[in-house]
Amino acid sequence: MNDEALARAVEALRGATEVAVLTGAGVSAESGVPTFRGSGGLWRGRRAVDLATPEAFARDPTLVWQFYEERRRNLEPLAPNPAHRVLAAWQDRFPAYTLITQNVDGLHHAAGARGVLELHGNIWRVRCTACGLEREDRTVPFPALPPRCAACGGLERPCVVWFGENLPEDAFEAASRAAATADVLVVVGTSAVVYPAAGLVTMAAHCGATVIEVNPEPSALAGEATVLLRGPAGVVLPELDARLFGGGKGDGG
Ligand code: BJW
Ligand code: ZN
């Protein structure tokens, strides 16, 4: 990791009153969750992003349901990693702090983060396609076929946001406000190709925020990041935390 970049990130965060964080699949990679566009992003030979569409569900609800069923089964034993723990601890470190995620895995919450803005929903919830009724469902394994809604008999689906669907309005509005007013936006583990989430970075940069990117690989953010921290989130964030606050939060428990 580049020491000068780390020092610049520390300086920006030390002077910050409002901090926002935007995470993507990469923050959960070290917990064992495959990223979407990485080598683990294929399921039964299909691209994960091609199954995450309303068209795929309309064509073959059982296939798409089984894709989510398998992901839930794989997720169940996984635990938050040091990156999730540092990002949860920061809620008590900065005067104003907003954690925004594109992930549906619930690992930020499992690490103790409160009020996480989940832009793309949550894999542990289901929603009726007919009446919209939502419920939490942590059953693993899920039934092999999509269940029927207890209220109206409609087909249930995972409560996640597919391509072409709107993001949850309240979460996206709160995320936009946080991006617009943040002194620093930390962008962790996202390829930044999916909108409108990726647009939050542009918004923050235009509104004067310092943008710190944590990612081992280049992303679509390119010139938008002020500080680039090249490395895995589970290493970079505990190091940043240690320099800022003396560390300890991301280690061990
Ligand atoms: C590490 C690491 C380690 C690895 N540490 N890092 C404007 C322009 C162009 C298109 C559009 C636009 N506005 C809207 C669109 C259309 C579309 C879109 O963005 N398309 C583009 C792809 C072209 N957007 C939408 O449709 C959105 N809805 C919408 O805009 O509604 C309004 C509307 C309606 C109708 C018409 C038009 C507009 C909805 C988007 C929903 C995205 N859903 C998914 C699936 C969620 C459910 C599920 O989990 O199955 O969300 S797709 C998938 O991508 C998932 C993710 O949240 C999202 C982002 O992926 P992410 O997190 O960035 O993962 P990866 O794999 O891409 O990247 C991982 C990164 O981690 C890499 O950079 C690695 O290097 C890094 N990494 N190890 C740190 N250890
Ligand atoms: Zn219903």
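Ala, Val, Leu, Ile, Met, Phe, Trp, Tyr, Cys and Pro count as nonpolar, Asp, Glu, Lys and Arg as charged, and the others, Gly among them, as polar. The views below show a predicted model.

**View 1. The shell around ligand 1.** By class, this shell holds 18 nonpolar, 11 polar and five charged residues. In total, 34 residues surround ligand 1. The closest are Arg 37, Tyr 68, Gly 164, Thr 190 and Ser 191.

**View 2. Polar atom pairs at ligand 1.** Arg 37 places a polar side-chain atom 2.7 Å from an oxygen atom of ligand 1. Ala 25 uses its backbone instead: an N or O atom there lies 2.8 Å from a ligand oxygen atom. At Gly 26, a polar backbone atom is 3.4 Å from a nitrogen atom of ligand 1. On its own, ligand 1 has 1,500 Å² of accessible area, and the protein covers 74% of that.

**View 3. The largest nonpolar core.** This core has 33 residues. Those with the most contacts inside it are Leu 13, Trp 90, Val 186, Ile 212, Leu 229, Leu 237 and Leu 240. Two helices that give two or more residues to the core are α1 (3-14) and α5 (82-89). Helix α9 (233-245) does so as well. The strands that meet this mark are β1 (18-23), β4 (96-101), β9 (184-188), β10 (210-214) and β11 (227-229). The largest share, six residues, comes from α1.

**View 4. Leu 229 and its contacts.** Leu 229 is among the residues with the most contacts inside the largest nonpolar core. Leaving aside neighbours within four places in sequence, Leu 229 is in contact with Ala 5, Leu 6 and Ala 9, among others. The list also includes Ile 212, Glu 213, Val 214 and Asn 215. Val 236 and Leu 240 belong to it too. Apart from the largest core lies another, of 25 residues. Among its members are Val 161, Ala 179, Ala 209 and Val 211.

**View 5. Ala 204 in helix α8.** Ala 204 is found in α8, which spans residues 199-206. Ala 204 counts as buried because its relative accessibility is 0%, and buried means under 20%. Not counting residues up to four places away in sequence, Ala 204 touches Ala 179, Leu 185 and Ala 209. Two of these, Ala 179 and Ala 209, are among the members of the 25-residue core. Val 184 is 20 residues from Ala 204 along the chain. Their C-alpha atoms are separated by 8.2 Å.

**View 6. The loop between β9 and α8.** Ala 192 has its place in this loop, as does Pro 196. Ala 192 is not a glycine, although its phi is positive, at about 60°. With 7% relative accessibility, Ala 192 counts as buried. Further along, the peptide bond from Tyr 195 to Pro 196 is cis. Its omega is near 5°.

**View 7. The cis bond at Pro 141.** The peptide bond from Val 140 to Pro 141 is cis, with omega near -5°. Pro 141 sits in the loop between β7 (134-136) and β8 (156-160).

**View 8. Arg 44 between two strands.** Arg 44 lies in the loop between β2 (42-43) and β3 (46-47). Its phi is positive, about 45°, although Arg 44 is not a glycine. Arg 44 counts as exposed because its relative accessibility is 52%, and exposed means over 50%.

Note on methods. Residues are numbered from 1 along each chain as its sequence is written. Chains are lettered from A and ligands numbered from 1 in the order in which they are written. This is a predicted model: local features need pLDDT of at least 70, side-chain atom pairs count only at pLDDT 80 or more; totals for chains, interfaces and linings use all residues. Side-chain values use heavy atoms; hydrogens and water are left out. Helices (H or I, at least four residues) and strands (E, at least two) are DSSP runs, numbered from the N terminus. Buried means under 20% relative accessible area, exposed over 50%, partly exposed in between (1.4 Å probe, protein chains only). Contact means heavy atoms within 4.5 Å. A residue is near a molecule or strand if one of its heavy atoms lies within 4 Å of it. A polar contact is a pair of N or O atoms within 3.5 Å; within protein, one must be able to donate a hydrogen and the other to accept it, and residues adjacent in sequence count only if both atoms are side-chain atoms. Accessible areas come from the Shrake-Rupley method with a 1.4 Å probe; for residues, only the protein chains shown count as cover. A nonpolar core is a set of buried Ala, Val, Leu, Ile, Met, Phe, Trp, Tyr and Cys residues joined through side-chain atoms within 4.5 Å.
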